[in-house]
Amino acid sequence: MELNIEVDKKSGFCYGVVKAIEKAEEHLKERGHLYSLGSIVHNNTELERLRTRGMEVIDHKGMEKLKDTVLFIRAHGEPPESYNLAQDNNLTLIDCTCPVVLRLQQRIREQYELLKPVNGQLLIFGKRGHAEVNGLIGQVDGDAIVIENEGDLALVDFKRAVAIFSQTTKDPQQYDKICRLIEEKIKEAGSPPEFFCSFNTICGQVSSRHPHLKKFAQKHSVIIFVTGRESSNGRILFESCLSANSRSYSIEKPDEIEEDWFTDGDSVGVCGATSTPMWLLKEVAQYISENI
Ligand code: SF4
């Protein structure tokens, strides 16, 4: 089939993930083995590549049994308990918490100190159980309400002050929508507008990709979006592509691509999430050009 294929130059890992992988690979080159607390990226193909180089993913239960060794902390960050446990178990940390997440953790601690004396509530717009969200809640000993959707606003008392932060990878439009709803509810409850404080802490690396991907998707007749199924950031960014181009397909690996997605003369755009490596995007483009 005659196809014109373009790989999006602005896709590929965000700088937080690039830095984390560089550090991990540096250590793996020297020592040949490294424990990682959780998966470094939500992308199985990249995880498999690192596994063959000696990276071993463990969970928090596994960490409890680990002693006197080196442990890698990924870009999502961790709650303080993980650092305490690392100290108790004599673990040397390669801490690759993204600076953007570290700053967010600090802002949450600061805001919590202001909310406490006025009986305020701290809200986090994010995915319950997501590693980054667990790390954020841990900053305030779990005293925060996670808002995944409108329905979760029922957990909030709008007669009390409210401050909301966002998980770094959320959709900016959804965040705005939640904030507008909170404003309305504060008003309905008869509370003053000052009772509501919003901190848009969505990472610039993510928020700038939404308008860019929409443009990229409009430019092409077919979009192949590459992402790990576990990646929440991938799901949200794919929605942006789909809203701009109904012939958008989300895949994890090249062999998931189907021939009947394409017609002769199509212009094909290949792009991905912040956790999708550029080498995989290029591999997908090559697969299309050789097999379709
Ligand atoms: S998306 Fe942003 S906050 Fe998350 S790891 Fe990448 S650079 Fe850091």
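These are my notebook entries on the nonpolar cores and the ligand shell of this structure.

**Basis.** I am reading a predicted model, in which local features need pLDDT of at least 70 and side-chain atom pairs count only at pLDDT 80 or more, while totals for chains, interfaces and linings use all residues. Residues are numbered from 1 along each chain as its sequence is written.

**Largest core.** I looked up the largest nonpolar core, meaning a set of buried Ala, Val, Leu, Ile, Met, Phe, Trp, Tyr and Cys residues joined through C-beta atoms within 7 Å. Buried means that 20 or more other C-beta atoms, placed from the backbone, lie within 10 Å of the residue's own. This core has 46 residues, of which A24, L123, I124 and V162 touch the most other members. Among the elements that give two or more residues to this core are α1 (15–31), β6 (121–125) and β8 (162–166); helices (H or I, at least four residues) and strands (E, at least two) are DSSP runs, numbered from the N terminus. I then listed the contacts of L123 (C-beta atoms, placed from the backbone, within 7 Å): leaving aside neighbours within four places in sequence, L123 is in contact with A144, I145, I147, V156, V162, A163 and I164.

**Ligand.** I found 14 residues around the ligand, the closest being C14, G16, C98, V100 and C203, where near means a C-beta atom, placed from the backbone, within 6 Å. α1 gives the most to this shell, with three residues. Because domain 2 (15–98) and domain 3 (100–167 + 169–202) both give residues to the shell, the ligand lies between them; the domain bounds come from an automatic or database domain assignment.

How values were computed:
A residue is buried if 20 or more other C-beta atoms lie within 10 Å of its own, exposed if 12 or fewer, and partly exposed in between; C-beta atoms are placed from the backbone. Two residues are in contact if their C-beta atoms, placed from the backbone, lie within 7 Å.
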